[in-house]
Amino acid sequence: PSAPSHLICGCTVLPQGAPRCFAVATRNNEYLMLSCGWEGGLPRALLWWSAGDGTVLGSSEEAANILVLKSSGAYSGKEFVCRGKHPLTLQSQQCRFKLEAPVLVTQRSVVSVFEGSDVQLTCILKATYLASEIIWYNNQNQNVWDAPQKYLLQREAAWSNLTVRETDGNRDEGEYWCAATNAVGGAQIPITLNVKKYPSPPNVTISKLLYSRQRTEVELEWMTRGSGDLTGFIVERQVARKSSPSSGTYPVGKQDRAPSWETVAGQINPDVRGHKLSGLDPATLYAFRIMAVNHRTMGYPSEVKTPGKETPAQPQQ
């Protein structure tokens, strides 16, 4: 049997299809490498690069042609053509592409969320011949990689999602930036994050506040006034008066410039209107106040009250 035509000395075989070409950037986008090949012909086709206007770039080589260029923004939007010529073709064959800087888009340029919730920002990279990596910067212009506990990244080749966890109005509101860079340019787009507070809950009034006989427990009851959503209640305590070895009792305010309020019961069920506190010091007079809460929005504190004795014979203090 006769040998295949491509093994016969002196035969001429037309390469299949047309030239194929692509562009890649070296590490850190320092150089551009344009590659072109047209396989399968005998003799091998001659290949050369030209600009979109026909200007020849580099020199012709057999079988493949690689053109190396210093990365530059001047190449963005420029067309490059790889031409191939074989003895069996009357005209040269070609493949072409245009180098472009990355183009970024987003589904929403302004995103609003209630405080305390997670929120997702999205950035999409439009198709380009050159690979580009999407990088996120937060509202302090810091790379989000520096705070993995606060941010969650999800990414594919053409998109990236940034999740901001447990948003806080004072810390997380502002402009976030999605950026991408390749060997011929860069792009960035802002996404504004608005963190809203939940509406204020109704006001609270203390209706009952009594010590136990031993003054180690106190029983509270309260009512809500007005309308508004709420998710719970907070009870706060302040030392109103302490025992003094020399003079019996003294107002704390004269000894401590700013008596602090201490949360002693948090996130009480919104359907509850009473609470019992134990573990009190009988020698200390306490003041109490209650606030309604709507998620992270605190209502106005109730009036401040000090408890009276459970036994009617004991005078209120």
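**View 1. Salt bridges, with a close look at Lys150 and Asp172.** This predicted model holds 12 salt bridges. In one of them the side chains of Lys150 and Asp172 meet, with 2.8 Å from N to O. The two partners come from distant parts of the chain: Lys150 sits in the loop between strand 11 and strand 12, while Asp172 belongs to helix 1 (residues 169–172), and 22 residues separate them. Are these two charged side chains buried or exposed? Lys150 has a relative accessible area of 13%, so it counts as buried. Asp172 is buried too, with just 1%.

**View 2. A salt bridge between strand 18 and strand 20.** Here Glu262 pairs up with Arg237, and their closest N and O atoms are 3.1 Å apart. Glu262 lies in strand 20 (residues 262–268) and Arg237 in strand 18 (residues 232–244), so the bridge ties together parts of the chain that are 25 residues apart in sequence. The two ends have their own surroundings: Glu262 is partly exposed at 41% relative accessibility, whereas Arg237 is buried at 17%.

**View 3. Lys305 with Glu303, and a small salt-bridge network.** The side chains of Lys305 and Glu303 meet in a salt bridge, at 3.8 Å from N to O. Lys305 is partly exposed, with a relative accessible area of 32%, and Glu303 is partly exposed as well, at 30%. Elsewhere, Lys150, Arg171 and Asp172 are joined into one network by salt bridges that share partners.

**View 4. The disulfide of Cys21 and Cys95.** The chain has three disulfides, and counting bonded cysteines along the chain gives the pattern 1-4, 2-3, 5-6. This close-up shows the link from Cys21 to Cys95, with the sulfurs 2.2 Å apart. It connects distant parts of the chain, with Cys21 in strand 1 (residues 20–25) and Cys95 in strand 7 (residues 93–98), 74 residues apart. Both Cys21 and Cys95 are buried.

**View 5. The disulfide of Cys36 and Cys82.** Cys36 is bonded to Cys82, with 1.8 Å from S to S. The torsion about their S-S bond is about -80°, so this disulfide is left-handed. Since Cys36 lies in strand 2 (residues 31–37) and Cys82 in strand 6 (residues 79–85), the pair ties together parts that are 46 residues apart in sequence. Cys36 and Cys82 are both buried.

**View 6. The disulfide of Cys123 and Cys178.** Cys123 joins Cys178 at an S to S distance of 1.7 Å. Which hand does the link of Cys123 and Cys178 have? With -80° about the S-S bond, the link is left-handed. Cys123 is in strand 10 (residues 119–125) and Cys178 in strand 14, so the pair ties together parts that are 55 residues apart in sequence. At 0% relative accessibility, Cys123 counts as buried, and Cys178 does too, also at 0%.

**View 7. A four-stranded open sheet.** The strands of this open sheet run in the order 8-10-13-12, with antiparallel pairing. Strand 8 (104–105) and strand 12 (151–155) are the edges, each pairing on one side only. Strand 12 and strand 13 (residues 159–164) run antiparallel and are joined by five bridges. Look for Leu152, whose bridge partner in strand 13 is Thr163.

**View 8. The largest pocket.** This pocket has a volume of about 170 Å³. Its lining includes Ala25, Asn29, Glu133 and Thr181. Strand 11 (133–137) and strand 14 (174–182) each supply at least two of the lining residues, and strand 14 gives the largest share, three residues. By class, the lining has five nonpolar, three polar and one charged residues.

Conventions: Residues are numbered from 1 along each chain as its sequence is written. This is a predicted model: local features need pLDDT of at least 70, side-chain atom pairs count only at pLDDT 80 or more; totals for chains, interfaces and linings use all residues. Side-chain values use heavy atoms; hydrogens and water are left out. On a 1 Å grid over the protein atoms alone, a cavity is a set of points where a 1.4 Å probe fits but cannot get out, and a pocket is an open set with protein on both sides within 12 Å along at least five of seven lines; lining residues have an atom within 4 Å of a point. Grid points are joined across faces, edges and corners, and a volume is the space filled by probe spheres set on the points. Ala, Val, Leu, Ile, Met, Phe, Trp, Tyr, Cys and Pro count as nonpolar, Asp, Glu, Lys and Arg as charged, and the others, Gly among them, as polar. Two strands pair if DSSP finds at least two bridges between them. A disulfide is a pair of cysteine sulfur atoms within 2.5 Å. Buried means under 20% relative accessible area, exposed over 50%, partly exposed in between (1.4 Å probe, protein chains only). A salt bridge is a side-chain nitrogen of Lys or Arg within 4 Å of a carboxyl oxygen of Asp or Glu.
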